[in-house]
Every structure is written in C-alpha cells, then in structure tokens.
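Reader: I am in my first year and would like to study how charged side chains pair up in a structure like this one. Please take me through that single topic slowly, and tell me where the partners sit and how exposed they are.

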Amino acid sequence: MARPGEKHENEAPYWNPPNLYALCLKATVFTFKFAFKDCLNLKNPKQLLKRELSFPHFSFPKLVCNDLVALVVSDFKHLSYSDDLTEILLRFILGSSWCCYSQLHLSMHSQAWLDDPAFAKRIVQHHLTELTIELDTLVGGNAVLPRFSLDAVCKSLRNTLVSLTLKNFTLRRKDLRSGLKHLKKLECLCIPNISIHEGGRKCKHVWPVLPSLEVLDLSGASVTCGNILPVEKHVKILRLYNHIGIEGSLLGFLENLTVLDISATNRYFGSLGRGSELMTVLSKMPSLISLDVSFRTLSVAAVQLFNSPHHRMQFLGLFGSLSFNREDINANEVTGDQTESQILLSLEVYKERAQYVLELLFTLASPVEEFERGLKAIFEVCRVHETDASILLAGTAAIHLYMKHSGINAELKRKAIWILVDIMSRHIKHPDLVQNCCVCLYPYQTMEDSGFVFTKLATALVHIIASFHSLRTLKSALVGLCKMIWWLPRSKKTWLGQAKAVEVILDVIMRLKSVDPQDNPLPMVEIGWNILWNITDGCPENCMLFCACGGIEVMLACCQTHQEVLESSMSSIFGALANVVEVEELQSKVMSQKVITSLRHALITDVHHRMGYSIGSVIANLAYNGDQFWGGVQPSRQSMLDLLVTEMQEWSMDEEIAIEYQSLIPLMKLVQASEDKVACWAMRTVASLSMTQKEFYCNLMRKEGVIPVFKEIAARSDYDVSLSPSLPQLAKIIVENYESFFGL
C-alpha cells in the first residue's frame, strides 16, 4: 500500500470475504486471520481464528464487510509509533470507513497510540460495546501514563460501551474516576494488575456511581490508599484474585454477589485477615453460588460453612487451601489436587495462572482415566503459556502420560502432534523440551497419525538437526526423523530432499567427528546414516543430492574414523551407497579406488554378514557395466566378484537380511545379466527374501509378473558350475516358494 496521499500502481484490491465476523491483525507476522459464521463465539473472538490470509508489507487490502463484529490487534511488541507500518495500521484500524465493529482488543508495547489526541475520535465511529486495551507489562508496570486521555475515550463511547478492560495500567485515581463517570451503561469493568495512585492526598472511593455495573475484576490491582471497592450493591461478580489482607468488612455491603474470587497466588501469599468475620459475611450472601478461596488460610468457620447442607454451591475453589477430605464439601464442583477429576477441573479453571498450572501438572500421575478431558485441558494450558518453557516441560510430560494409553482417538492424536511440533519449533534451543516433544511423537509418526502434518513436523526436525544446539536435542530429533521416513512414499522423500534433509544429515555426520568420544557420538552417526539409507531408497532425486552434497566423501571419512563400529554403522552406510548405485547416472561417481578398497575391507571383516547384501548390491551393480567401465581401478573387477561369490557361500538363505525392496525391478536387470557371477548376488537375494518374507515378496512377484523369468533360468543347462548353489538351483528355490505360497 502506498503511503497516505500517494497512489501505487499495484494498490491492493478490495477484499470481501463471506461471513466475516472476527478479524485478528497480528503485527509480528503481518497476516489477517479471519473467522466464519459456523464458529461464531462473540464472547471470545480469539477462538474464532480458523484460517489466515497473508499480505506483503504495506499491501493491506481495503476491507469491505458489514458483518464484522470483533477486531483483535496484537503482537505489536517490536513496533514503535513512528514506524510507517504502525501508522498505516492505525489508520486502517481506527480510521477505516470500510468496516464497522463493536468489539476492539488492542495489545501493544507502546502507549503512544493511546496518547494520540485523535484516538477517541477515531474509535467513536465504530459504536464500540466492548473495548480492551492491554499494555505490555514492561510498560504498564513502570510509570504512570500522564497523557492517556481515558476521559476522552469514555466520553466518546458513553452511549454504547458496556464492557471495558484495561490491563497492566498505572493510573491516578482522578483520571480513572473522571473517565468512568461517563459510562452509565457500563456492565463489566476489568482492570487486572492496575496500579491506582493518589499522590499523597486523602483518598475516598475510587469509583464514581456506575448504576449498571454487574461485573468487577480487580485481580492483582493495587492502591496506595483508600477503599478500592464500589458502593453499588448490585455488583454480582467480583474478582479479587491476589489481594493482600482481604477483610470481611470490605464485602459486607455486597449482598447480591453470585460469584466471588478471593484466591491467592500461593499458600505463602497471606491469610484472609479475620477469617471468622469474613465467613460470617459470606454466610449472609444467599445468592452466592461460586466462591474461590484457593491458597488462602481458612478458619474452622469456613469448613463449617462449606459443609452446610443449607447452602450448596455450584463451584468452590479450594486448591491449596484445605487438607481434609474434599468429598465432605457441599458443592457441585470443587477444585483441588486429591483426584484426577479435581486436578483437571483446576487446570480448566486456572489455566492462566502459571503458579497453579505448574503445581497441578506435576501432581498428575498414573493411572489416568479421563483421556479426552485431560488432553484438552493440557492442550489449552500449553496454548496459553506458549512462551513459558517450565510449564511446557511439565505439560509435554503430562501429554506423554495420557497419550501412551490406547484409548486416544485420531482427532486428539492429530491435535497433540500439531501442538508438540509447535512447541518444539518455538523452543528449539531447549534440549529437555525438544526431547520431551520427540518422545511424545515417537509412537505417532505413521502415515495414519501424522501424514496430515508431515511437512510441519519434518521441517521442525530438520531445523533442529541443522541447529545442533546439544547432543541430547540432536539425538531426539534424529530418532524422530528416522521413525518418520519408514512409511514415506517417494513424493514425501523428494520433498525432504528439497527441504535440505540430505545436506543437513551429511553435515551433522561430519560435525560429529569432532565431538569428544566420551560423549558417545557414534550412535547418532549410525542414526544419521539410517536416515540417509531410507531417504535415498527408491528416490533418484535424493541419491543425486547425496552425491552433490559430498556423500561419497563423508562415507569414506566414516569408514576411516569409525572402524570400531564397523558392523553397526557400516550396514547403513553401504545401504545408502547401494541405493545410489541403482541410479545409472551416478555409478561413475561411485567408481573409485577408495570406494572399492573400502568395500573389499568391509566385506572381509563382515563376520556376522550384516552388511554383505548391501555391499554385494554395490559390487554387482558396478560390475554389471563390464571391464571397460571398471577400468584400471584396483582391486580389479574379477577379484571383487570372486570375493563376493566366496563370501556368499557362508550366507544362510533362511535368515532375515537387512535389506528390503518395494519393487523387484532393480534386481531383475542383474538377474538377467550375461555373467553368472554378476547375477548370483541378485538371485540369492530374491531367494532369501522369498523364504523369510514369503507373503510380501510372493505377492510382489505376482504383481510385477517376474516368475516366468525365474522359470526360464531354472530350465537353463548352460551355467557356471563353480557357483554353489548354481543359478538354476536358486531359481528353482524361488519358484517353489512362490508356488507353495499360492498352492499351485
């Protein structure tokens, strides 16, 4: 968008989305997020944000929508009032003639917007009924805002405003009083964490007469002197969370209260003053149905009131307050930490209180039964506290506690994966948190569970591996990625290659060479090669990337560095190399004296025959091209074929081999080779697979129609008699396994 007063040839068009009811403008990502009619919930517009539409900087479209009800503006922490973008946003939000809304939520780092003389004039045209202004705690808690014209704003909205929320403000009593006196229709006033200063003067009531006021939230508020409560007896909901020294005399005139919250941050915060007096006052509130005294020190009178059969409450918050049996309490719902149900209710009710949440999450323990409710409560806690690593660490542990049970449905699994990936991406430098997320994700990285979120999950894991902040984080991410790729189709493997997975894994393997051996980096090297083995299987694009990123050089370096783990790591190394040589265009890159020497050494030292089939694949594919292709490389082609044939005599065909094929086509070229020693490895491989994994490979042979080829070889009379078993004998074994499986 051009600056005000200028024209731009690419000016953004008018944007008219259907049924737009709530709009969230997030400055940090420069996106509009909008909600549709079927998820309308005017009480919490943030929950409406289901889809998003991105625009480049300075290209906000002209919004044409008469149905817009709620607008949320947040995450302006890195913008100052002088920024061009901020100026444009201010004009768009407050001065726009393209839309009109009744709910406005501003969350910002600077109070400069509020100091703008035209602020009140710009918002009055929208006929606001709900206004929320939230300052960053670093701003709101430090100094009085001398220029904020609360009086002008309230006066402008005196005919429409019914709900006002001011968070983290510091105001003088006279400013608050002069502003609120205009709001005769105000029904809900929430000013949590507000500081009200009088400047040394004698203070009377803070509040003017508010005849319509029914809801008052003063949680965490502080005053320097005077009475903080209004005199209106019609207040029905009062929240005084985290107030010190609550006295019964302060509440005595509020006889119509239905909801009262006088809970504290923790058990060391303070008592309820004269407890007996307070409980006497509470007993005279006949309409009281919800009372929260969590982490308050209670008297015997309180216990007697809560057990009274004549006054049954709908909700009673007693978390951290009482030690006796909660079953004796006369209330429909009771928060606490004695049972799973109480803990989950506490998480649902106190999800925004970090101190409560942390203690509750640590209290959860096996066995757990309410899987769906528990996971939903923990998911919401993680969403609210998405930047608090301590709470997320306890939350991911709780998620694992619930998800390890079999009663979790697919929808919850998918939501869990989304949340865990998001946590992992946000806290990539926190090894314990990344490890917790990976452990939770391990059982659910199949196509059925995580296929829908593959891109997000794989991107996060590759990024963590590339960052390499700690060995524990690296190992967790490597194991997670390794588990993912077992089920991947070729298209997904190709995408992983484009996401630089091959390049990143090779780089990490080389960097692990410099790690202190006492930190045991070798298992991570093996996992890395396992990933490369799988990601190159049946994917020529990734095989080309492997060679282009120096995969051959990395392989040779590992062969020289990690001799002590030759059998475990080398199986994966040569498995990846076997995939590469199946691509004809890459065989010339593999054909070198260093590679052939490494193959010969590995084949001779393979005592347990764990990597023989992978090495045999490389030798057979290279030897298939003839002596001219082999050239003068030593050891010679014939000596390598003779060594392979000799080693194969010791392999047992009825033992499972560490090699699998999704198609037999790559093997059939070698099966039909003109030289028996070249074809011998492929024939023996098919024979072994048809014995150890009969169902899969017999069905695969029928699907690909290769049995006639083996029958033809079984009938041959011209064959190399030095081979034992000979090619015809191997072909007969394959045909017999096939016919016995299908009963032919």
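Author: A good place to begin is the network of salt bridges that links E348, E370 and R373. Please keep in mind that the model is predicted; the structure holds 17 salt bridges, and three further pairs will show you how to read them.

In the first of these pairs, the side chains of K669 and E584 meet in a salt bridge, with 4.0 Å from N to O. This pair links distant parts of the chain, since K669 belongs to helix α29 (residues 665-671), whereas E584 lies in the loop between α23 (566-581) and α24 (587-590), and the two positions lie 85 residues apart. K669 counts as partly exposed because its relative accessibility is 24%, while E584, at 54%, counts as exposed, the cut-off for that word being over 50%.

The second pair is R637 and E675, whose closest N and O atoms are 2.7 Å apart. R637 lies in helix α28 (residues 637-648) and E675 in the loop between α29 and α30, so this salt bridge ties together parts that are 38 residues apart in sequence. Buried means under 20% relative accessible area, and R637 therefore counts as buried at 6% relative accessibility, whereas E675, with a relative accessible area of 26%, is partly exposed.

In the third pair, K677 and D642 meet through their side chains in a salt bridge of 2.5 Å from N to O. Here both partners are in helices, K677 in α30 and D642 in α28, and they are 35 residues apart. K677 is buried because its relative accessible area is 18%, but D642, at 31% relative accessibility, counts as partly exposed.

Helix α30 runs over residues 676-692, and T692 has its place there. With 19% relative accessibility, T692 counts as buried, and apart from its neighbours within four places in sequence it is in contact with M653, D654, E655 and E656. Of these contacts, E656 is 36 residues from T692 in sequence, yet the C-alpha atoms of the two are 5.6 Å apart in space.

Let us return, finally, to the part of the chain around the opening network. Helix α9 (residues 340-349) is mostly covered, with 7 of its 10 residues buried, including I343, L344, L345 and L347. The buried residues of this helix pack against β19 (331-335), α10 (354-363), α11 (371-384) and α12 (389-403).

Note on methods
Residues numbered from 1 in each chain as written. Predicted model: local features only at pLDDT ≥ 70, side-chain atom pairs only at ≥ 80, totals over all residues. Heavy atoms only, no water. Buried < 20%, exposed > 50% of the residue type's maximum accessible area, 1.4 Å probe, protein only. Helix = DSSP H or I, 4+ residues; strand = E, 2+ residues; numbered from the N terminus. Contact = heavy atoms within 4.5 Å.
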